[in-house]
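Me: I am new to reading structures, and I would like to learn how one goes from single residues to a wider picture. Could you take me through this one step by step?

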Amino acid sequence: MAVTITDASLQGIYNRLHAIPEYHPLDAQTFADWSVEAGDVVTVSRENDSYSSPVHTSRMVWKGSPETQLTSGGNKQRDPVSTVSQKKYRRGSAAQRSQEIIQSTLEDEVDGVRSTVTQMANQWSVVVEGTGDNAHIKPAVIQASIDAATSQSKIHLGADKIELDGSTFAEYFASGNITLAQYVTLDDGTEVFLRDNSAIVVSGEEVDIVYGGNHRPIEYCLANAEVSNDKVHFTHMNGDELQIYINNDGELVFKDAQGNEFSFEKAVYPGTITGIACPNGAVTDGQTRTNGTVEASGTDITNDPYSVDFSMNYESFRPQGTSIDTAAVYFMLDGVKIGRYSDGNLLASNIKKNVSIMGITGSYEGSGGSGTITEISCPDGAVTTGQERTQGKVRSLGTNITNSPYEVNFAIGYEAFTPSGSSANTAAIYFELDGVKIGRKADSNLVAGNIKGGVTIFGITGTYSSHATIDRIYSEPGTLASDTTVRTSTTIRAEGTNVATKEATYSLSYFAKNDDLYTNLNGYEKVQQGTQYITQSSIVARVKAPIDIYALAYQSDSEPSGTAWHSLPNNAGVNNPLVIGKKEAWYKFTIDVGPNHEVRKWYKVPIEISGKGDCVSENIKKGKSICGVNGSLDVTQTAPWANQIGSNAERKSITMEADAKQSTFKLVKNTVTYQGASIPCVELRDSSNRAVGRFYW
Amino acid sequence: MYNASSAFHTAVANGSPQMALLIFSDAVFCNRDINVSVGIEFNDYFNVEEDLSIGQALSNEISFNLFNEEGLLNNYAFGDFLATIGAQISTETVTAQGTVRASSTAHTYVAYSSSPYLKRDGTAVSSQPDAPVVSILIYDGTVYCRLSNGTVKAYTDSNGNAKTVTVNSFMLAQMNKWAGEGIFYNKNNRLLKIWRGTTLVTYEFVPLGYFTAERPNVPAVNEIHFTCNDFMMKFDRDMPSDAALGIASTDYPLTFKGLLAKMATAVGVSFDQSSMTVNSNAAISARVPECDGTNMREVVQWIAEAGAAVARFNRDGVLVLDWIRTNTGQSYDETGYREFNPYWYHTKTVNRLYNRSSAGEYDKNYGSGSEAYLIQDNPFLKGVT
């Protein structure tokens with residue numbers, strides 16, 4: 001289907017092209033920002049000239065700021081149309097055109113060099129030649145034509161030089177595109193045939209045939225060679241004929257005029273050795289070379305160069321007529337020792353002791369001079385876990401020392417030590433080398449007070465004892481302040497060393513028994529004999545019942561609460577303490593003096609503590625560390641406590657006992673003056689006969 | 001010349017800080033991601049022939065190196081992107097608000113270290129971020145908030161509603177690098193605003209164009225080199241049939257520019273039909289036979305030649321039939337260039353136009369003179385006089 005173009009015209013296109021003003025092509029490296037686009041018309045000025053041109057290309061490189069190359073191109077004249085304008089077109093069908101002679105000539109001239117391309121029916125040519133000032137340029141012609149008579153094509157090159165693309169040309173040969181049917185005609189008319197994988201190389205005055213990569217000069221013979229039956233026949237001027245061909249095994253065969261094969265190579269090339277040398281060259285200062293190569297070279301030798309290896313070494317050597325070993329240096333070529341050299345002074349007696357030179361170990365220890373101590377160490381090595389070593393040796397080693405190694409003994413011990421500014425002895429651990437103490441270290445916690453009593457650690461005997469000592473038993477509060485002071489209860493307290501303070505509170509009261517009035521304080525004191533009636537308003541009951549005293553005991557780890565007490569056997573009691581081993585226990589006694597009268601008392605059995613001794617945790621006071629061992633020994637305990645009461649008859653005193661300490665408190669009848677009247681009272685007096693408690697009635 | 005403000009030109013001339021952005025559909029690369037020491041090379045072509053010629057379909061090029069030291073781009077697909085460079089045109093002192101702030105043309109977003117973490121125009125957004133906001137990016141109507149828990153919460157700028165977005169690992173890391181910054185890029189005026197504490201800096205951007213970055217064969221390297229062409233390369237494919245172009249027989253006669261518009265649609269680009277001012281009404285009565293067996297880019301060249309223009313993509317990524325712009329007024333004196341080499345001669349004005357077939361079917365010319373311009377074998381101008 002035919003395509004119709006509507007409304008399109010060349011005029012609009014022409015008008016736009018014609019509107020392009022003349023401009024100077026330019027190339028400017030500018031600082032233009034990137035808002036400038038290709039297609040913009042820019043003006044660049046220099047001195048008094050300015051140039052306005054459309055930007056054909058803009059190349060900006062931005063590295064944090066722009067730099068832009070603006071380019072505007074264009075030739076002085078528009079080339080394409082000027083050449084084509086001379087082309088002659090013809091009308092008609094393709095069949096008609098093939099039978100007519102068509103001539104098309106394209107001409108172009110640039111800077112005085114004109115190129116003309118001419119195309120005709122059977123010939124195409126390019127001519128490049130100089131014009132004007134360049135008229136001296138020799139025309140170069142490439143012409144391709146077809147001979148109408150022979151129908152053969154030909155290329156004629158009229159250039160001074162021909163350059164072929166190396167790789168392309170080589171590939172062309174390798175591909176087999178050149179065959180026997182093609183040939184090159186030399187200037188003298190000689191036609192040189194080429195066959196696959198072959199080439200002719202003209203080098204200087206020689207012409208080489210290259211086949212399979214091997215070159216062979218064929219000068220003088222080329223004109224007489226002919227090829228027949230895959231053989232090349234060379235005919236010498238004297239008529240002798242030489243055949244060269246490749247047999248079925250791919251071997252190159254040479255035959256003389258009589259048809260006899262001969263070895264071309266051996267017959268023509270006897271070799272000559274021209275020298276033996278070491279290609280490694282001479283050694284230079286500082287360089288060591290114990291092996292290398294000796295190389296023979298020559299001319300016409302197939303295995304040129306030929307080389308063998310050499311090496312240099314030394315060996316033990318005893319010269320004839322002597323009994324002393326020395327060393328000889330030898331040179332070994334191709335595995336054979338061909339030279340040996342020794343120095344008569346290379347003897348052990350001339351070499352430093354224990355030093356080896358070329359296998360000869362020296363024995364000379366020298367005279368005079370000075371040795372060098374190189375090491376001080378302990379040959380016993382480091383102690384390992386669980387290992388104890390309190391003595392050993394320190395060793396010194398050196399060179400050129402006659403008595404190396406030299407050793408002295410060391411020991412580690414301890415001794416009494418009183419640190420400066422302290423009065424408490426401790427022990428210092430010392431390091432003794434060769435009988436001299438050169439180091440001492442003490443631990444400030446290594447004092448008697450931090451060690452279990454009787455145990456000795458590093459010579460310090462411990463005093464931190466488990467034996468408690470009662471130092472004092474007293475009443476609190478103390479002596480009554482005045483004769484009229486009333487105090488119906490008091491606390492009796494025991495204090496000591498390594499014991500917790502223990503105390504008991506006693507009340508002074510009274511009761512009646514067999515009509516007698518008694519004062520009650522655990523024990524009791526007859527206050528008044530005979531039946532008495534209490535007149536004080538606070539006493540409303542009369543007590544007649546006889547007092548039955550018996551003991552109850554209760555064993556517990558802690559003070560019991562409530563009334564769930566248990567009885568001990570009848571023989572258990574104050575005077576028959578229950579032994580429960582090493583466990584602390586509470587005992588309770590109850591003295592029942594009838595209804596509403598009850599006295600209760602507790603005491604504890606002391607703890608016995610046994611120890612293991614030495615510097616172990618159990619022997620060190622809790623909270624202290626001796627030589628890195630943290631103590632756990634805590635002997636703080638409750639004071640042993642016993643209150644001894646007398647018989648259940650009248651008793652006027654009570655003796656408080658704690659361990660070996662005793663203190664007796666007694667009840668004493670007394671009178672005091674109160675508001676002008678003499679008032680009878682009962683007082684509790686301590687061992688110094690000071691009243692610590694009192695009541696009236 | 002791309003339209004930019006005088007402030008932009010002044011900023012560039014004064015050496016103000018500049019920033020390059022490579023904006024992909026789901027990632028944006030900036031100066032810290034580009035090896036600036038190697039630089040960005042941008043080749044802008046209007047004519048690649050020896051003499052100024054019409055009928056070219058030109059493709060601009062850009063090349064650069066991207067850092068990939070953390071390997072975040074190893075699996076990134078790349079693709080089409082906008083390359084643009086901005087210059088800092090102003091710096092202002094503003095009142096600090098919250099920990100991060102950013103404002104679009106209509107709304108202000110302020111982030112706080114404790115709940116509520118984000119307010120829009122002073123009111124807490126209804127869908128609060130799960131954690132404090134590290135940075136804010138407002139782009140193309142979406143507010144992206146990078147949170148301290150490593151996620152991104154997004155909102156629609158126009159209504160403040162939460163919006164589901166997918167953010168790749170590169171952008172997660174990128175936004176974390178913008179910690180403390182609020183960023184708003186306005187595509188309309190090409191202004192980029194960055195709030196940092198009490199400072200607001202503004203960049204004006206001028207685009208270099210839209211390009212396509214092919215995913216490199218070996219992306220797992222510390223630095224990836226790219227050489228990218230603009231969208232003209234999309235026409236490097238066989239010319240489709242009319243059916244594939246969406247052209248029915250009833251669409252004929254079809255204007256040249258109408259055909260080019262169909263072709264642009266087929267390859268997914270925009271074409272500004274108004275840019276064809278010469279022979280803008282020219283049309284074909286049927287499919288041009290020469291369109292079969294050739295590629296689309298050659299057809300673009302034919303139509304451009306018929307329109308006395310060159311085909312190229314402008315900086316906004318739109319295909320135009322372009323011609324010399326004489327009113328730019330850009331000039332450079334000795335302070336504006338490092339090197340300047342004008343040719344000794346000047347070109348000649350075209351005074352003749354030939355339109356011919358190399359096979360001799362037609363040979364028309366217009367005008368007279370020796371400076372002739374040759375149009376040869378353009379099927380869209382077959383026999384046109």
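Reply: Let us begin at a single residue, and keep in mind throughout that this is a predicted model. Asp377(B) lies in the segment that follows strand S27 (372-376) of chain B, and this residue has a positive phi of about 60 degrees although it is not a glycine.

Me: Is Asp377(B) buried, exposed or partly exposed?

Reply: Here a cut-off helps, because partly exposed covers the range between under 20%, which is buried, and over 50%, which is exposed. Asp377(B) has a relative accessibility of 34%, so it counts as partly exposed.

Me: Which residue in a loop of chain B also has a positive phi without being a glycine?

Reply: Ala308(B) has a positive phi of about 55 degrees, and it is not a glycine. Its place is the loop between helix H5 (296-306) and strand S21 (310-313) of chain B. Ala308(B) counts as buried because its relative accessible area is 0%.

Me: Where do I find cis peptide bonds in chain B?

Reply: For this feature one reads the angle omega of the peptide bond. The bond that joins Ser115(B) and Pro116(B) is cis, with omega about 0 degrees, and Pro116(B) sits in the loop between strand S7 (108-111) and strand S8 (118-120). The bond from Tyr252(B) to Pro253(B) is cis as well, with omega near 0 degrees, and Pro253(B) belongs to the loop between helix H3 (242-245) and strand S18 (254-255).

Me: How should I read the surroundings of a buried residue, and what does Ser135(B) touch?

Reply: One looks at where the residue sits, how much of it is accessible, and which residues touch it. Ser135(B) is part of strand S10 (residues 133-139) of chain B, and it is buried because its relative accessible area is 0%. Leaving aside residues up to four places away in sequence, Ser135(B) touches several others, among them Val100(B), Tyr144(B), Met175(B) and Trp178(B). A polar atom of the Ser135(B) side chain lies 2.7 Å from the backbone oxygen of Met175(B).

Me: Which residues of the helix that holds Met175(B) are buried, and what covers them?

Reply: In helix H2 (residues 169-177) of chain B, the buried residues are Phe170(B), Met171(B), Ala173(B), Gln174(B) and Met175(B). Their cover includes S10, together with strand S2 (28-29), strand S11 (142-147) and strand S12 (152-156).

Me: What joins the side chains of Asn229(B) and Ser59(B)?

Reply: Those two side chains are joined by a polar contact of 3.2 Å. Asn229(B) itself is in strand S17 (residues 223-230) of chain B, and its contacts also include Asn60(B), Glu61(B) and Phe211(B).

Me: Which residues form a nonpolar patch on the surface of chain A?

Reply: The patch consists of Trp124(A), Ile142(A), Ile155(A) and Leu157(A), which have about 390 Å² of accessible area together. Ile155(A), in strand S11 (residues 153-157) of chain A, counts as exposed because its relative accessibility is 64%.

Me: How many helices and strands does chain A have, and what do the scores of the model say?

Reply: Chain A has five helices and 51 strands, and 29% of its 697 residues are buried. The model scores ipTM 0.95 and pTM 0.49, while chain B has a mean pLDDT of 94, with 99% of its residues at 70 or more. As a general caution, predicted coordinates should not be read in detail where pLDDT is low.

Definitions and conventions
Residues are numbered from 1 along each chain as its sequence is written. Chains are lettered from A and ligands numbered from 1 in the order in which they are written. This is a predicted model: local features need pLDDT of at least 70, side-chain atom pairs count only at pLDDT 80 or more; totals for chains, interfaces and linings use all residues. Side-chain values use heavy atoms; hydrogens and water are left out. Helices (H or I, at least four residues) and strands (E, at least two) are DSSP runs, numbered from the N terminus. Buried means under 20% relative accessible area, exposed over 50%, partly exposed in between (1.4 Å probe, protein chains only). A polar contact is a pair of N or O atoms within 3.5 Å; within protein, one must be able to donate a hydrogen and the other to accept it, and residues adjacent in sequence count only if both atoms are side-chain atoms. Contact means heavy atoms within 4.5 Å. pLDDT is the predictor's confidence in each residue, from 0 to 100. Patches are made of residues with over 30% relative accessible area and no salt bridge: like charges are joined within 9 Å, nonpolar side chains (Val, Leu, Ile, Met, Phe, Trp, Tyr) within 5 Å. Accessible areas come from the Shrake-Rupley method with a 1.4 Å probe; for residues, only the protein chains shown count as cover. A salt bridge is a side-chain nitrogen of Lys or Arg within 4 Å of a carboxyl oxygen of Asp or Glu.
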